[in-house]
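Biologist: I'd like to go through this structure with you, step by step. Can we start with the vocabulary?

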Amino acid sequence: MAAAPLIEIIKLSKVFSDDENRVVALNDITLTVKEKEVYGIVGMSGAGKSTLIRCINRLDTPNAGQVLYRGQDILRMNRRQLLATRRKMGMIFQQFNLLMQRTVGQNVRYPLEIAGVKHTKANARVKELLDIVGLSDKLNAYPAQLSGGQRQRVAIARALASNPEVLLCDEATSALDPMTTQSILELLQDINRRLGITIVLITHEMAVIRQICDRVAILDGGEVVEEGSVDEVFVHTKSEAGKRLFGVLPQEAQDDPGIPALRIVFDGAVAAKPIISRLSQETNVAVNILSANMNHLGGKVYGQMLIETPKDEQDKNAVVRFLTEQGLTVREVNT
Amino acid sequence: MSWEQLAPILLEGLWETLYMTVPSTLIAYLIGMPLGILLVTTATGGIRPMPRFNAVLGMAINFLRSVPFIILLAMLFPVTRAVMGRAIGTQAIIFPLTVSAFPYVARMVENSLVEVDRGVIEAAQSMGSTDWQIIRKVLLPEAFPSLLNGAAICMVTILGYTAMASTAGGGGLGALAITKGLNMRNFPLMYSASLLLVALVQIMTYFGNRISRKSDHRKK
């Protein structure tokens, strides 16, 4: 990707301290978000990811470092410049943060109001935005009348109102059920592709990263422990934190079966179900499991499984196709 | 005392009570509301933290609030005379009522505004809102139902204070009940004036709650 850098975070550090405690939330973070990409920041809770994304639009002020937006340091901007830059960045939150006393339409119109957009023009834009997120019929509803997924859609429409260049997503799907998460992720992907809006998202779910991100940074203890394209990081996880997030124990990640095998990565995208027996039934291939290391977390499966590669090329393709269709990642080992 | 004799006295008392209560509440809000907003916005974690200013303001408000109304009334006599032209009487008492109520109003407003979800304010900040826009378009509208409830409570409190108006030559239902009712052993007057006060409080509370609930869109 030859895209220009949009956001450059350079040597960023943030320490929370009071009289007794000193907590290093971010330690010397450096990373670059390119234009029009979907950049994911993943980490366990307490890894500092929320603080990091909030430093991008200066909702939190770091102690040291730079946040460059198109080459301009956000941390050194005066108030007017900061407000102008924030209007180019949309942000959505885990708890949606809608104005509860305003209707859906009035919520989406808020950014237009504060920017002084004319009434009729603003109303037309609100309709257009609600159309994008599929909530045209909820114009006059109040947020309290909507489901969580619908509320996040309103928040997305609101974040898009000012025609931002980047959308910051702070655990945007963490309060939603798996089905709703899917539809919100699809919407975000659609927004990225159709409107060309750069997306920076933080999450603790590897499945979210794998589904829509181009590149990912793994955050642990306030530091970036791994960064790269999602495929790269996903298949060749190097860091302890990364392996933990994938639900893989360190020693098992290196295991080498010594024969051609398929490594199946369960990253929580697939609900716990007897996938291997269905694999055998549907492809008519007898599957030989070499090793498996799986964790069940909240009805989802995390971990890896090694199966012997079927000798027959057609069988192998059928198996890979079936697993891929199920939303799993399959990699060949020892080909 | 017959009802025909009681009614005009009570009516006049009612009018005087409202004449003291309503303007005092309005002026107290005119002063207390901006102070309440300042208390919230300049607090640590507010949209414009100014801890030292906030501490001084908080202390000043607490100081004013801690002076009992009856003492404040007496202490303010010279000031009241300077501002209102005279120190005693129904009209003059609006001044000490206002002085005593505005710190209370400031705290009520503060209480309502701190209830506004921090996340919603942050969302507004992330969209590039100025502080003034956040106050006008987020804090006040989001807290509106609670502010309205607070206003009803403030009004009832001020109404209660007007009963002490009799000590400064003020009129109203409270003064009627004490001076012409209790002191002159006119019990029908005392009870009917008191009942009217109770009814007034009930009406204010009822409508305050009702409008507050109607204007709240958080639950549906």
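Modeller: Sure! A nonpolar core is a set of buried Ala, Val, Leu, Ile, Met, Phe, Trp, Tyr and Cys residues joined through C-beta atoms within 7 Å. Keep in mind that we're looking at a predicted model.

Biologist: Okay, which residues touch the most other members of the largest nonpolar core?

Modeller: That core has 146 residues. Its members come from chain A and chain B, as the names at the top of the ranking show. Those names are Cys169(A), Val200(A) and Val105(B).

Biologist: And which helix gives the most to this core?

Modeller: For that one, look at chain B, residues 94-114. That stretch puts twelve residues into the core. The helix is α5 of chain B.

Biologist: Where does this core lie with respect to the domains of chain A?

Modeller: The domain assignment gives domain 1 (5-240) and domain 2 (249-333). Both of them give residues to the core, so the core lies between them.

Biologist: How many Å separate the centres of those two domains?

Modeller: Take the centres over C-alpha atoms, one for domain 1 of chain A and one for domain 2 of chain A. The separation is 33 Å.

Biologist: Why is chain A called as compact as a globular protein of its length?

Modeller: Chain A holds twelve helices and 14 strands. For 335 residues, the globule rule gives 20 Å. Chain A comes out close to that, so it counts as that compact, with a radius of gyration of 22 Å.

Biologist: Last one: what share of chain A's residues count as buried?

Modeller: To be buried, a residue needs 20 or more other C-beta atoms within 10 Å of its own. Among the 335 residues of chain A, the share is 43%.

Definitions and conventions: Residues numbered from 1 in each chain as written. Chains lettered and ligands numbered in written order. Predicted model: local features only at pLDDT ≥ 70, side-chain atom pairs only at ≥ 80, totals over all residues. Helix = DSSP H or I, 4+ residues; strand = E, 2+ residues; numbered from the N terminus. Rg over C-alpha atoms; globule rule 2.2 N^0.38 Å. Buried ≥ 20, exposed ≤ 12 C-beta atoms within 10 Å, placed from the backbone. Domains from an automatic or database assignment.
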